[in-house]
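Here's a friendly walk through a protein chain you may be meeting for the first time. Have a look at it before reading on.

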Amino acid sequence: MANNQSIIKIDGVEMPTPSDFSPTSSDYDSKNSGRSESMEMTRDIIRRNVRTATFTWKLQTPDMRKVWNAVLPEKLSLTFFDLGQPADTQYSTMSCYADPSRKPKILKWEPQNPEESWWEFTTTFTEY
């Protein structure tokens with residue numbers, strides 16, 4: 001991605017700039033992980049550095065529709081600004097899925113022209 005482009009592309013399509021972006025990275029332990037009776041910790045990590053990225057948008061109906069349709073596929077490719085990348089790379093691409101629960105929120109309804117209504121939408125993308 002070149003400068004002045006959005007922080008996010010879904011399946012190669014540039015999305016509107018989100019109002020909020022929260023990247024995370026998590027390790028997943030097996031059920032064998034935990035503390036013994038003597039409080040000694042044992043970790044059995046089954047997967048490290050699983051990335052998620054949560055985005056929130058505040059946008060009008062046409063852009064809301066664009067984002068809505070982009071997050072529907074079962075599997076998608078997400079390109080996003082990644083703090084883990086060096087300054088000359090800046091972006092990462094991951095195969096992921098979007099949160100299966102989609103709950104857009106109407107912020108301002110424009111009854112004369114619903115296309116000018118304002119929405120808020122948050123979703124989390126989880127790496128496969």
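Are phenylalanine 55 and phenylalanine 125 buried or exposed? Both of them are buried. Keep in mind that this is a predicted model, and keep those two rings in view, because the report comes back to them after a look at the whole chain.

**The overall picture**

Let's start with what the chain is built from. You'll find one helix and ten strands in the protein chain. Going from the N terminus, the order is β-β-β-β-β-β-α-β-β-β-β, with the helix coming after six strands and followed by four more.

How does the chain fill space? A compact globule of 128 residues would have a radius of gyration near 14 Å, whereas this protein chain has 18 Å. Along the principal axes, its C-alpha atoms take up a box of roughly 65 × 35 × 25 Å. Here are some whole-chain values side by side:

| Property of the protein chain | Value |
|---|---|
| Residues that count as buried, of 128 | 30% |
| Contacts joining residues at least 24 apart, among those between residues at least 6 apart in sequence | 62% |
| Accessible surface | about 8200 Å² |
| Part of that surface belonging to carbon and sulfur atoms | 47% |

As for charges, the chain carries 15 positive and 18 negative ones, and the mean positions of the two sets are 2 Å apart.

**The aromatic rings**

Now back to the rings. The structure holds eight aromatic pairs. Take phenylalanine 55 and phenylalanine 125: their ring centres are 5.9 Å apart and their planes sit at 70°, so this pair counts as edge-to-face. Phenylalanine 55 belongs to strand 6 (residues 45–60) and phenylalanine 125 to strand 10 (residues 118–127), so the pair ties together parts that are 70 residues apart in sequence. These two have company, too: one aromatic cluster is formed by Phe21, Phe55, Trp57, Trp68, Phe80, Phe121 and Phe125.

**A closer look at valine 50**

Strand 6 is also home to valine 50. Why does valine 50 count as buried? Its relative accessible area is 3%, and buried means under 20%.

Which residues does valine 50 touch, leaving aside neighbours within four places in sequence? Its contacts are Thr24, Ser25, Ser26, Tyr28 and Glu127. Tyrosine 128 makes a nice comparison of sequence and space: valine 50 and tyrosine 128 are 78 residues apart in sequence, yet their C-alpha atoms are 8.0 Å apart.

Note on methods: Residues are numbered from 1 along each chain as its sequence is written. This is a predicted model: local features need pLDDT of at least 70, side-chain atom pairs count only at pLDDT 80 or more; totals for chains, interfaces and linings use all residues. Side-chain values use heavy atoms; hydrogens and water are left out. Helices (H or I, at least four residues) and strands (E, at least two) are DSSP runs, numbered from the N terminus. The radius of gyration is taken over C-alpha atoms; the globule rule is 2.2 Å times the number of residues to the power 0.38. Buried means under 20% relative accessible area, exposed over 50%, partly exposed in between (1.4 Å probe, protein chains only). Contact means heavy atoms within 4.5 Å. Accessible areas come from the Shrake-Rupley method with a 1.4 Å probe; for residues, only the protein chains shown count as cover. Lys and Arg count as positive and Asp and Glu as negative; His and the chain ends are not counted. The place of a charge is taken as NZ of Lys, CZ of Arg, CG of Asp or CD of Glu. Rings of Phe, Tyr and Trp (its six-membered ring) pair if their centres lie within 6.5 Å; planes under 30 degrees apart count as stacked, over 60 as edge-to-face and the rest as tilted.
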